Structures are given as structure tokens and as C-alpha cells.
Amino acid sequence: MRKNKLGYYFAQEFLKNYLSILLAFGLIIWITQAVRLLDLIGEEGNSIKTYFLYALSVMPKYFSKISIVIFFISFFVTIIKFQEHNELNALWFSGLEKKKFINYLLKSSILIIAILIIVRSLIIPYCSNYSRYLLLNSGIGAIGPLIKQNNFSNPLKKITIYVGKKNQINELEDIILFEENTDIKKTIIAKSGVLINENNKNLLVLVDGSIQEERKDKKISVLDFDKITLDLIQYNKKAVDYYKFNEILTIELLKRLNDKNNSQYQNTVGELNDRIIMPLFIPALILLTCSLIITNKEIINNNLLKILVFTYGIAIIIISEILLEFSSKKIFASLLLYTAPLLFLLINWILLNYFLNRENIKS
């Protein structure tokens, strides 16, 4: 019973370290990205509500990207902390064998792997898809910031707008608006105009101008006007017509694997590798970090061991990221990525058992 309590205590301390470090680094990265995303308001005219919802929906992606390296650092820190406070010795004195403790950690890693795969395969794609939905369905927002003075702007579908002059209250001069539909091409020229928001509608009021229409039969008609009002809600924001791979649901990616003639086949493989294969490196990192529980200083200097373990762990993570990057380009890299978790696991298991056996002999 006492052994179980000590094991649970270690797991609680690790989770506390892991979540606090993940939250701290994740928030730093997220805040940096949130500042960059301010262009969604200033440059693309989205509402503040859309901006905050979008910033929140991309947060899980940033946390997921650093989850594995933070896992290793947190586990490393927890082991060292227990060593420095002689809490590991309490585990061994309670009768818990080191190998049983390591096996307990390996079994626990299965749950962590499952959680990470679920997060990467289900939650991240859903949130990424939702962030795209927000931008596509948020309306055109405030169009004022989208129109630049003395420049052609086409932030909306089907129209291009030129404005000679523009002031801070969205009064415009020398306006040319090109609208292109399937059946008709329309050019609107006006001396002046103003952008207003009325009843949550973005309106463009044009004064003293003309409308030129060219139909499929090449006939052109011209209509002069003193004043007209265009409701810009009829124009949607420009949007990318294709999904990014991190926005595609996992079940859809799995379906695409059946089509090897697909030009994006390797990118599909690379995205699935990121979601499913990368968490499989965790057991190897756990075994590596467990090398720190060696207490016999005659085998290896403790400070040197910490440096070697940390360096080797970071090297495993870097190698995995390199293999992941190339797995979307070359099949050979994918095969190496699939075998790497098991290979590192075996190497670390052999090394750990070697040191534990030598420690028993020395003692």
C-alpha cells in the first residue's frame, strides 16, 4: 500500500511539473502568436469577437507542438528533484525495486501516448477546422481597414476597389470599383463616397458617378447617378479554397491513403505521422530519464550523467523531428520514423539494464 502511495505521489509531482511548464511555455508562444494575429482586425477587418475566438481555437495547436519536449524536460526535472530531496531513496527503502518502478512508469506512458494521440488526431484538427470556419463565416467585418489609399484592393470576392484618397473617417475620393460575375462585368466610377455601418451592415455610399456594364454579348451600357448605396454583405471575404493539412480530419486523411496516385499522398503520410507516430517516442524518453536513478557514483559521475541524459534526450527529439519533416517527402524517411521509437526504446532499455546490473554487482 505504501509503495502504491509513493508511486502515485511521484506521478502527481510529475503531472504538476508537466502541466505548469507546458502552460508557461505554451502561453508565451500563444501570446506571441496572438499579437501577430492582430492583423486579423487591422488588416483583414474581422471583429474583435472573431479575433479572440480564432486566437483561442489555435491555442491547442501550439500546446501540442511543444508537448513532447516539455514532457521530457518535466520528467527530467521531476527525477532530479526527487533525487535531491532523497525522495527516491524513500521509494527504494520502502521495498520498491527499481525495475518495478520503471515498469510502472512504462505502463503509465501508454495512457499518456493515448491522450496525446487523441489530442493530435481529434482535438487539434477540429480546432484548426473551427478556426478556418470562423474566418469564412464572420462576414466581411469592417471594410475600412481593408481599403488602401492610392492602391487597388481586392479583399472581397468578385470586386476590386481603387481609392485615390481616404481619410480617417472613411471618406473616399476618386473611386473605381470593378465587379466581375459570370454573366456581366461592371465598372463603377465615382468622384467621392463614404463607408458607413448601419444596422450592422457595411454600406458603401457613392456620389456623382457612372456604372458601366458589359454583358456576354459584348454590349456595353452606361448609367449615370448622383448617389447610390451598395450593400457589401453580398460580397464574401476572399478565402483560401483548399484546406491546410492540419485542418483536415484524421478520418479523411486515412481515406486519402487509399489513393496512392494523389499528388499530396506524401504530405498526407507526413501529417498522419505527426499525429500518431510522434507520441510513440515517449517510452524511449522515459527509459532514458530513468538512468538518473542510478545511485552508485562509482559507475558514472552524477553531474556527467545528467548532462549525457539531457543531451541524448534532446537529440532523440531532434532526430524524430527531422525524420518527420522528411517523411512527407520520402518513403524511406517514413520507414525510419516508424522504426525509430522501437529502436531507441531497445537501445535505452539495454543501456539502463546494463547500468542497473552493474550497480547491483557493485553494491
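1. In this predicted model, E13 is buried, with a relative accessible area of 8%. Residue K16, by contrast, counts as exposed at 52% relative accessibility. The two nevertheless form a salt bridge, in which the closest N and O atoms are 3.3 Å apart. Both residues belong to helix α1 (residues 2-36), where they are three residues apart, about one turn of the helix. The pair is part of a wider arrangement, since E13, K16 and K81 are linked in a network of salt bridges.

2. Residue T78 deserves attention alongside E13. T78 is located in helix α5 (residues 67-84) and is buried, with a relative accessible area of 0%. Not counting residues up to four places away in sequence, T78 touches F10, E13, F14 and N17. A polar atom of the T78 side chain also lies 2.7 Å from the backbone oxygen of S74.

3. The count of salt bridges in the model comes to eight. One of them joins K191 and D208, with 3.5 Å between the closest N and O atoms. Because K191 lies in strand β4 (residues 184-198) and D208 in strand β5 (residues 201-215), this pair ties together parts that are 17 residues apart in sequence. K191 counts as exposed at 56% relative accessibility, while D208 counts as partly exposed at 36%.

4. A further salt bridge brings together the side chains of E325 and K329, at 3.7 Å from N to O. How accessible is E325 in relative terms? Its relative accessible area is 45%, so E325 is partly exposed, the class between the cut-offs of 20% and 50%. K329 has a relative accessible area of 54% and is therefore exposed, as this value is over 50%.

5. The interior may be considered next. In soluble globular proteins, nonpolar side chains tend to be buried together. The largest nonpolar core of this model has 49 residues, and those with the most contacts inside it are F75, I102 and I286. At least two residues of this core come from each of α1, α5, α6 (87-93), α7, α10, α11 (302-327) and α12 (331-362). Helix α5 gives the most, with nine residues. A second, separate core has 16 residues, including A190, L206, I211 and L230.

6. How many residues of helix α10 (residues 282-289) are buried? Eight of its eight residues are, and the helix is accordingly described as mostly covered. The buried residues are I282, P283, A284, L285, I286, L287, L288 and T289. I286 is in contact with F71, F75, L105, L106 and S109, leaving aside neighbours within four places in sequence. Two members of this group, F75 and I286, are among the residues with the most contacts inside the largest nonpolar core.

7. Nonpolar residues also appear on the surface. L53, Y126, Y130, Y133, L249 and I251 form a nonpolar patch there, with about 610 Å² of accessible area together. Which helix supplies the largest share of the nonpolar patch? Helix α7 (residues 98-136) does, with three residues. Another member of the patch, L53, lies in helix α3 (residues 48-57). L53 counts as partly exposed at 31% relative accessibility.

Definitions and conventions:
Residues are numbered from 1 along each chain as its sequence is written. This is a predicted model: local features need pLDDT of at least 70, side-chain atom pairs count only at pLDDT 80 or more; totals for chains, interfaces and linings use all residues. Side-chain values use heavy atoms; hydrogens and water are left out. Buried means under 20% relative accessible area, exposed over 50%, partly exposed in between (1.4 Å probe, protein chains only). Helices (H or I, at least four residues) and strands (E, at least two) are DSSP runs, numbered from the N terminus. A salt bridge is a side-chain nitrogen of Lys or Arg within 4 Å of a carboxyl oxygen of Asp or Glu. A polar contact is a pair of N or O atoms within 3.5 Å; within protein, one must be able to donate a hydrogen and the other to accept it, and residues adjacent in sequence count only if both atoms are side-chain atoms. Contact means heavy atoms within 4.5 Å. Patches are made of residues with over 30% relative accessible area and no salt bridge: like charges are joined within 9 Å, nonpolar side chains (Val, Leu, Ile, Met, Phe, Trp, Tyr) within 5 Å. Accessible areas come from the Shrake-Rupley method with a 1.4 Å probe; for residues, only the protein chains shown count as cover. A nonpolar core is a set of buried Ala, Val, Leu, Ile, Met, Phe, Trp, Tyr and Cys residues joined through side-chain atoms within 4.5 Å.
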